[in-house]
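Student: Could you take me through one part of this model up close? I'd like to look at the salt bridges and how open to solvent their partners are.

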Amino acid sequence: MTADIWEKTLRRWDLNFSKQKRKVALIANNCTAHCTVDGLKSIQLVFLPPNSTCVLQPLDQGIIQNFKAAYRKLLLQDMISAIDRKELFQVSALNAIFDIDQSWNMVSQQTITNCFRRAGFHSSPESEELLEDDDEDLPLTELAEKLRNRGYAIPDENLYAKIDEDLATNNEASIQDIVSNVLNLNAEGSDDEDDSQCEKKSVSTSDVLKAIDDLRCFFTNSEAADVWRQEDRTEDLWVTSRRS
């Protein structure tokens, strides 16, 4: 998050809420990027007191933990599939992005509602009584046991679910660094072009999965593939092949 993204997002929301004739109190923590924004018509910013995020922010009441558990479940499933195919397990940045997207979609509305309630966001005591705390218990233990049966032990499933809590993050790369890296990759790719003609050959499962990875890269970056994106054809193909 940056102050620029924050302001642009707030102004976009404010315009939408104004069209809906809604008045919204937007509660935010004291992140440096969460600056005050002048001229908002439908949004009133309410900032949490300092050092109260862990108590008052719904994300810290279980939403983040549930999301990370879902991500680690997908990661273990991919690891098990790679072991069964006798392949080296690797996670590309693109695969991680798609797994992150799928993990967030796996966080249920009930989980989010319960975490808001734990943080004190509910309209009345009656509404609290109607909600049951039935957060999904993701079977990390079961997946960890499958890995043990394949000779890959995870000492503590609970520790694994929280393995990156104290992980230090890196500084964000500058635009100049990103452009330089892309240009270098393009230059290396042009030197390795193979002009040989395609011959008939048998295709393995790993070859098919690699081809799907290449298709995902194409449909993620090519403007010519917008129609396919709208119909989610590649996503269905990827999920079906990858989890089988």
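Tutor: Let's fix the burial terms before anything else: a residue is buried under 20% relative accessible area, exposed over 50%, and partly exposed in between. Keep in mind, too, that this is a predicted model.

Now to helix H1, which covers residues 3-19. Aspartate 4 has a relative accessible area of 45%, so it goes down as partly exposed. Its side chain meets that of lysine 8 in a salt bridge, at 3.3 Å from N to O. Lysine 8 comes out at 54% relative accessibility, and that makes it exposed because the cut-off is over 50%. As for the spacing, the two residues are four apart in H1, which means about one helical turn separates lysine 8 from aspartate 4.

The next pair sits in H1 as well: arginine 11 and glutamate 7 join their side chains in a salt bridge, 3.2 Å from N to O. Arginine 11 and glutamate 7 are four residues apart in the helix, so again we're looking at a separation of about one helical turn. Arginine 11 has a relative accessible area of 36% and is partly exposed. Glutamate 7, with 32%, is partly exposed too.

How many salt bridges are there by this rule? The count comes to three, so we still need the pair made by glutamate 87 and arginine 85, whose closest N and O atoms are 3.2 Å apart. Glutamate 87 counts as partly exposed, at 29% relative accessibility. Arginine 85 is partly exposed as well, with a relative accessible area of 30%.

For contrast, have a look at a surface spot made of nonpolar side chains. Ile27, Val46, Phe116 and Phe121 make a nonpolar patch of about 300 Å². One of them, valine 46, lies in strand S2 (residues 43-47). Valine 46 has a relative accessible area of 33%, so it is partly exposed, and that value also clears the cut-off of over 30% that patch residues need.

And if you want something from the buried side, try helix H4. Its buried residues are Leu94, Asn95, Ala96, Asp99 and Ser103. The length of H4 works out as well: it has 14 residues (93-106), so at 1.5 Å a residue it should span 20 Å, and its end C-alpha atoms are indeed 20 Å apart.

How values were computed
Residues numbered from 1 in each chain as written. Predicted model: local features only at pLDDT ≥ 70, side-chain atom pairs only at ≥ 80, totals over all residues. Heavy atoms only, no water. Expected span 1.5 Å × (residues − 1). Buried < 20%, exposed > 50% of the residue type's maximum accessible area, 1.4 Å probe, protein only. Patch = residues over 30% accessible without salt bridge, like charges linked within 9 Å, V, L, I, M, F, W, Y side chains within 5 Å. Areas by Shrake-Rupley, 256 points an atom, 1.4 Å probe, with all protein chains shown as cover. Salt bridge = Lys/Arg side-chain N within 4 Å of Asp/Glu carboxyl O.
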